[in-house]
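Here is a walk through one protein chain, from its overall build to its pockets and its backbone oddities. Keep the structure open and turn it as you read.

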Amino acid sequence: MNTGDFILFSDESGNPNPKSVDPNYPIFVRIFCVFRQDHYSNIVAPAFANLKSTHLGDPSIILHEREIRLAEPPFDFQGDEPKRQDFMRELGDTIAAANFTMVAAIVDKRQQLRVPNQASALDRLAFNACMVRIRDFLNGCNQATLPTPVVVEAQGRQQDDALRQELWSLSAQWHTRGRTSPRFQASFDDKKSNTVGVQIADLAARPVGTHILRPQQVNRAWDVLQPKLYCDPQGNTGGWGLITIPSRPTRQNDEAPE
């Protein structure tokens, strides 16, 4: 059986429970990073292993956005700020050099949302929105019916099962409506598995959410990530690679139209 050319990696940022609203981060983000499998295996994964070996002395160290942002060990570099800045600069360069397409859905929990009061409700909503656009992207790359791996960071059995069910339901809807779709093959990886693609998704999710919350704030990670967003033929990312729920008035290369 032929396999698809692409592999998807996904992670989240924020709490998917609609009842829990953090005033400092009142959103939930689900993000996907879409790589060509050969590029990921031959270029991206070795580049990140080299980055870790060079700056941290161990390619098995997990890159976790929160620990890096808060400069927690080993990302504090024992107080050596020049070394930490060198690492941060090369990390940004390594992500910038990686060729991937990004799709993110951002749910504003301060708005009224018609979702069940379930812990995974917002994640299913955001996951669905992302997968619709990813299907469009893959179909546009002549991957209409090919098997495509989807690697999601595990969040616990209940939430993982909910996403697996969401993907199955979405595929069934497309089939019923006579629409072609790649055969998505979902797996859920613990962060300890050291999957580079999942770590990249983790590094990307919060900077995207922060941009939506505070677009005027200096956000170097966003500057690196923005060119990787899926876009329409005119270059607009709103509603394509950057999906806001509920939708907001259009701004060039930002939110989707009402």
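What follows moves from the whole chain to single residues.

The model is predicted. Start with the fold. The protein chain has seven helices and six strands. Read from the N terminus, their order is β-β-α-α-α-β-α-β-α-β-α-α-β. Along the principal axes, the C-alpha trace spans about 55 × 45 × 40 Å. Does the radius of gyration point to a compact globule, or to something else? What value would a compact globule have? With 258 residues, it would be near 18 Å, and the protein chain has 18 Å, so the two agree.

Next, consider how the chain packs. Of the 258 residues, 49% count as buried. Take the contacts in the chain with a separation of 6 or more: residues 24 or more positions apart account for 74% of them. The exposed surface comes to about 12,600 Å². Carbon and sulfur atoms supply 47% of that area.Val103 shows the packing at one site. It sits in strand S3, residues 101–108. Is Val103 buried or exposed? Its relative accessible area is 1%, under the 20% cut-off, so Val103 is buried. Which residues does Val103 touch, leaving aside those up to four places away in sequence? They are Arg30, Ile31, Phe32, Cys130, Arg133, Ile134, Tyr230, Trp240, Gly241 and Ile243. Of these neighbours, Ile243 belongs to strand S6, which covers 242–245. Cys130, Arg133 and Ile134 fall within helix H4, which covers 121–140. Val208 lies 105 residues from Val103 along the chain, and their C-alpha atoms are separated by 10 Å.

Asp161 makes a second stop. It is found in helix H5, residues 157–176. At 36% relative accessibility, Asp161 lies between the 20% and 50% cut-offs, so it counts as partly exposed. Asp161 and Ser120 are 41 residues apart in sequence. In space they are 9.8 Å apart, C-alpha to C-alpha.

Now turn to the open space. Rolling a probe the size of a water molecule over the atoms shows where empty space is left. The largest pocket has a volume of about 860 Å³. Its lining holds 24 residues. Which of them lie nearest the centre of the largest pocket? They are Met88, Pro207, Asn219, Arg220 and Ala221. Four elements give two or more residues to this lining: helix H2 (65–69), helix H3 (81–97), helix H6 (196–213) and helix H7 (220–225). H3 gives the largest share, eight residues. By class, the lining of the largest pocket has 11 nonpolar, five polar and eight charged residues.

The second largest pocket holds about 240 Å³ of space. It is lined by 14 residues. Glu12, Ser13, Gly14, His64 and Asp202 lie nearest its centre. Strand S1 (6–13), H2 and H6 each give two or more residues to this lining. How many charged residues line the second largest pocket? The lining has nine, along with four polar residues and one nonpolar residue. H2 and H6 also appear among the elements that line the largest pocket.

Last, look at the backbone. Most residues other than glycine have a negative phi, and most peptide bonds are trans. Some sites here depart from that pattern. Where is the first stop? Go to the loop between H2 and H3, where Pro74 is found. A cis peptide bond joins Pro73 and Pro74, with omega about 5°. Ala71 is in the loop between H2 and H3 as well. Ala71 is not a glycine, yet its phi is positive, about 55°. Its relative accessibility is 27%, so Ala71 counts as partly exposed.

Asn142 also has a positive phi, near 60°, and is a residue other than glycine. Its place is in the loop between helix H4 and strand S4, which covers 147–153. Is Asn142 buried or exposed? The relative accessible area of Asn142 is 67%, over the 50% cut-off, so the residue is exposed.

Finish towards the end of the chain. The peptide bond from Ile245 to Pro246 is cis, with omega near -5°. Pro246 lies in the segment after strand S6.

Notes
Residues numbered from 1 in each chain as written. Predicted model: local features only at pLDDT ≥ 70, side-chain atom pairs only at ≥ 80, totals over all residues. Heavy atoms only, no water. 1 Å grid on protein atoms, 1.4 Å probe; cavity = no way out; pocket = protein on both sides within 12 Å on 5 of 7 lines; lining within 4 Å. Points joined across faces, edges and corners; volume = space filled by probe spheres on them. Nonpolar A, V, L, I, M, F, W, Y, C, P; charged D, E, K, R; others polar. Buried < 20%, exposed > 50% of the residue type's maximum accessible area, 1.4 Å probe, protein only. Rg over C-alpha atoms; globule rule 2.2 N^0.38 Å. Contact = heavy atoms within 4.5 Å. Areas by Shrake-Rupley, 256 points an atom, 1.4 Å probe, with all protein chains shown as cover.
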